[in-house]
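Subject: Structure handover

Hi,

Here is the structure I promised to pass on. Please open it next to this message, and I'll walk you through what turned up.

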Amino acid sequence: MNVIKKDRLIMLAAVFSILLIVYLVALYKLQIIEGEKYYEESRNNMVTTSTVTAARGNILDRYGRVLVTNKSCYNLTINTDELFPNDNSVDSNATILRLVNLIREYGDDYIDDLPITTEPPFEFVDVSTQDQARLDAYMKQNNVPENASAVELLSSMRTRYKIDSNYTAEEARIIAGVRYAVNVRYLINTSDYVFVEDADMKLIATIRENNIEGVNVKESFVREYNTEAAGHILGYTSLMNDEEAAKYEALGYSGDAKVGKAGAEYAFEKYLHGTDGTVRTTSASDGTVISTEYTEEPEPGDNVYLTIDIALQEATELALENGIASITEKLNAQKEQQIANGTYKEKDDEINGAAVAVVKVDTGEPLALASWPNYNPSELLDKYEEISTADNDPLYNRALFGQYAPGSTFKPCTAIAALTEGIINTGATVECTGQYTRYAEYGYAPYCWIYTQNKLTHGYLNVTGAIQHSCNIFFYSAGHNLGIDKLEKYARSFGLGEATGIELPENEGNMANRDNHKELVGEEWTIGDSMQAAIGQSDNMFTPLQLAEYCAAVANNGVRYSASILKSVRSYDYGENVYEREDEILSKVESAQYNWDAVHEGMRLVGVSTLSGYTSSTVACKTGTAQKGESVVNDGIFICYAPYENPEIAIAIVIQRGGAGSNCASIAKEILEAYFSLKSATDITDVEGALLK
């Protein structure tokens, strides 16, 4: 039996007593002696609740290649309590100028909303409707006359903000701009004033090290583009304007949320925008963060898959650029020859726009939509002024908004309409005499192009030969006997002058018709207008996408699909399928197979002559030359589908002032070669919709 010695017990009791005394003394000091101090400090702790911006969903192509994603960044916002304290303990103007100089030193720039030039002589600059509304609200609030000049407004600001004469005019403009940006948001928009977006980390560190007051650092995201192509398709995001704020804040958006402004970012906003979270932050009186607690976790947006094949999109944009350079060189050589021969007539001959649409024949899905001139989407916001004022308007999406007379590319539509209505049959022939003389006695006798150019005729042609040789006389006759009402019905069934089904904004064009003809040209409809409409002139105006979908419908024996650009939507972690596109038939042109065969054969023969040397597959084509008047070089239009035996893709190309549709053939070749090369490089059908790294 072990016996605990008495001295050991005494020692343990002593140690315990000492610890107890130390604990009681510390507790007494904490609660009694320093209790009031800690109580005051706890009262000075600040608890704030703020919004945590949810990451926006990614945009991917049809094969899972990520086109647009997010990059974490830090924004600088103005802390008005620190920068403009009630006790005037901070020289706000000096701090603002110091901050701006520091920002510029690190290569960043700050956001300046004041619509006045930054250097003397100060003048107002053009602004958006939103910025004008802000300026008007500010001037009204501060009793500045409506007709005040920029100099007078800045003078009133110097007085209001106590910007003394020690500051130069440029420095005063800087200070006034920042203070205006802060003030005006209280008047018309309560979102944070983002002073600097995506600030340099060295800048943030310098601000912290130097204890510069008045700036908060807020974690956020900026969109990051993984391609220099598809700017018109992808679109961009930016802060809401006032009209958008009313719409989106009702849906729970925060006041400083960024929303889609164009392209897929705008069209699929409901999927891409996530749900913001909230965080409670406890800070000490010196600004040190003591704790953070998420009261609501942010939920990122869904990931949107487009029908676009980005590799083909990039190849298409390159082919268009190369083609324009080649056509320009060709037209310049022709011009020089005409000048040398003394036959040149002054014309507007510079190519000032172009577009290509490539669609999948069996679904109608757009695979590539290119507009020229274009821009790099990652540079749009930084270089907006430069891009928006560049020659020929790079921001204009000609693939969806450009409206063009189709010229002879319309003739397959006229052919099917006339065949289906029994106006002609596949064996019937019409003699091309070079001039349609039925109404010659009334002063109307239009020519065939071959007679105008070469004083030749086509002789007798059936519908296949008429398409092959693009004989105007044949189609004048067909259009005359068919009439505009029936021709319009078939054209609309092919989607010409109709919405395509794409989710992006588009023009619907115009199929020539008697109802709006007088409104457009100021004259009543005549039979001559029907004849001109039959060869793709008159009031016919279609977009490149409409022409591509029409070509696909011809290849499909009259079945026209929706041009929806949305392939699918998946949850932010890619685990859940939110939406899956299903093919949608918009209309059908019912006609006997032998009628389709006759038209297809005519287009194949066009391909033999215009795409000579192209061996990847047999291609069915139709060229078009849209007349622009004697003083302007004609537009060149080209449509095709391939392979002829089992169509996969359809292409429409428009070159403004391109001279002739045949000039576009080289562009079509390059796109077709890219498509079949990409297809043969890998069996992409097995990975469609997967996420590619």
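Helices here are DSSP runs of at least four residues and strands are runs of at least two, both numbered from the N terminus. Please keep in mind that this is a predicted model.

With that numbering, let's begin with two residues that have an unusual backbone. Asn392 is found in the loop between H14 and helix H15 (398-401). Its phi is near 65 degrees, a positive value in a residue other than glycine. Because its relative accessible area is 28%, Asn392 is partly exposed. Lys162 also departs from the usual sign, with a positive phi of about 55 degrees although it is not a glycine. You'll find Lys162 in the loop between helix H6 (150-160) and helix H7 (169-188). Its relative accessibility is 69%, so Lys162 counts as exposed.

Next, the cis peptide bonds. One joins Trp372 and Pro373, with omega at about 0 degrees. Pro373 sits in the loop between strand E12 (366-372) and helix H14 (384-388). Another cis bond joins Ala642 and Pro643, and here omega is about -15 degrees. Pro643 belongs to the loop that runs between strand E20 (635-642) and strand E21 (649-655).

Now to helix H4, residues 92-105. Does its length agree or disagree with what 14 residues should span? At 1.5 Å a residue the expected span is 20 Å, and the end C-alpha atoms are 20 Å apart, so the two agree. Its buried residues are Ser92, Asn93, Thr95, Ile96, Leu97, Leu99, Val100, Leu102 and Ile103. Just after H4 comes Gly107, which takes a positive phi of about 80 degrees.

Finally, the interior. The largest nonpolar core has 91 residues, and those with the most contacts inside it are Phe268, Leu306, Leu369, Leu487, Phe494 and Leu547. Helix H23 (residues 544-555) gives the largest share of this core, nine residues. Apart from this core lies another, of 43 residues, among them Phe122, Leu135, Ala150 and Leu154.

Leu487 is a good residue to click on if you want to look around the largest core. Leaving aside residues up to four places away in sequence, Leu487 touches Phe410, Thr414, Ala417, Leu482, Met511, Ser530, Ala533 and Ala534.

Happy viewing, and best wishes!

How values were computed
Residues numbered from 1 in each chain as written. Predicted model: local features only at pLDDT ≥ 70, side-chain atom pairs only at ≥ 80, totals over all residues. Heavy atoms only, no water. Expected span 1.5 Å × (residues − 1). Buried < 20%, exposed > 50% of the residue type's maximum accessible area, 1.4 Å probe, protein only. Core = buried A, V, L, I, M, F, W, Y, C linked by side-chain atoms within 4.5 Å. Contact = heavy atoms within 4.5 Å.
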